[in-house]
Amino acid sequence: MMSDAPDTTKPFDYATAFSRTIGWITATEQAKLRSKRVAIAGLGGVGGSHLLTLTRLGIQSFNLADLDRFGTENLNRQAGAFQSTIGQPKVDVVSRMARDINPDLDINKFPLGVTVDNMEQFLSGVDLYVDGLDFFVLDIRAKLFALCAEHGIPAVTAAPLGMGAAVLAFLPGQMTFEEYFRLEGKTTDEQLLRFMVGLAPAVLHQGYLVDPSAVDLVNHRGPSTPMACEICAGIAGTQALKILLGRGEVLAAPHGLHFDAYRNKLARTWRPGGNNNPLQRLLLAVARRRFMRH
């Protein structure tokens, strides 16, 4: 872990910076958000957008983890990807961007990413975990969500799908990540399939996938859009606000939300038993035939 302490000689006026949010939340609630710490693992497609959204919401403390560097292939969707940042560590770039919004941010950086060895430290003092890990990183993701459940930390995952987002929240004392996705004991390919299908039971995005060959689970490759990443950040940011302030209904797994801007549709999903639900088993069978190519 590395500390990213503020480095500025000009006083920062927090109240003025976030004054335009007041009305949708109270000044007391704004102060509460300021006191919270959020952990984000993965700062690429959705993670960078999550950080900037939550920083603009007024959250002031973060634990951030990513071991990757920006590349040209990230330019189509990632908040920190610019010609000037190619080759730079993602955790450093997005931390600079966030601190350019609020120089008083308290950021703990984990430049080696989240590992089994530092996972406890990564979640230390955290009020909420927001998942930004690459879709194909399942082992660490499953362990992180399990540790969140063990420590009573609410956790949110938002998947950028097509031109929309599917969001699931896992709250303390309710259905866990493993109980929903049922990944344990499965092959890597089957786990990826179960994660994909479990994230979006409404499958709103599939109808306009014009080139199915771009979805290659076996070789860990899939298409993406910038709109989906920003929609993810907006919905996950709203879930974060409701969880951290204890205000507003939060749909916890096995309930979920899937909004697709291309289809002009919002689906509220419910899959009791998660991927063991009969409808999910049917979707899994269809997905295996369509995407599991070797």
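**Exercises on salt bridges and nonpolar cores**

The side chains of arginine 141 and aspartate 131 meet in a salt bridge, 2.7 Å from N to O; a salt bridge here is a side-chain nitrogen of Lys or Arg within 4 Å of a carboxyl oxygen of Asp or Glu. The model is predicted: local features need pLDDT of at least 70, side-chain atom pairs count only at pLDDT 80 or more, and totals for chains, interfaces and linings use all residues. Residues are numbered from 1 along each chain as its sequence is written, and side-chain values use heavy atoms, with hydrogens and water left out.

**Exercise 1.** Place arginine 141 and aspartate 131 in the secondary structure and state whether each is buried or exposed.

Step 1. Arginine 141 belongs to helix α6 and aspartate 131 to strand β5 (residues 128-131), ten residues apart. Helices (H or I, at least four residues) and strands (E, at least two) are DSSP runs, numbered from the N terminus.

Step 2. Arginine 141 has 2% relative accessibility and counts as buried; aspartate 131, at 2%, is buried too. The classes are buried under 20% relative accessible area, exposed over 50%, and partly exposed in between (1.4 Å probe, protein chains only).

**Exercise 2.** Treat the pair lysine 109 and aspartate 92 in the same way.

Step 1. The closest N and O atoms of this salt bridge are 2.7 Å apart.

Step 2. Lysine 109 sits in strand β4 (residues 106-110) and aspartate 92 in helix α4 (residues 90-101), 17 residues apart.

Step 3. Lysine 109 is buried at 9% relative accessible area, whereas aspartate 92 is partly exposed at 24%.

**Exercise 3.** Which residues are linked with Arg288 in a network of salt bridges?

Step 1. Arginine 288 pairs with glutamate 190 at 2.7 Å, N to O.

Step 2. This pair joins helix α10, holding arginine 288, to helix α8, holding glutamate 190, across 98 residues.

Step 3. The network consists of Glu190, Arg194 and Arg288.

**Exercise 4.** Describe the largest nonpolar core.

Step 1. A nonpolar core is a set of buried Ala, Val, Leu, Ile, Met, Phe, Trp, Tyr and Cys residues joined through side-chain atoms within 4.5 Å. The largest has 43 residues, and those with the most contacts inside it include Val114, Leu144 and Phe170.

Step 2. Its largest share, six residues, comes from α8.

Step 3. Not counting residues up to four places away in sequence, phenylalanine 170 touches, among others, Phe145, Tyr180, Phe181 and Ala253, where contact means heavy atoms within 4.5 Å.

Step 4. Another core, of 42 residues, lies apart from it, with Phe62 and Leu245 among its members.
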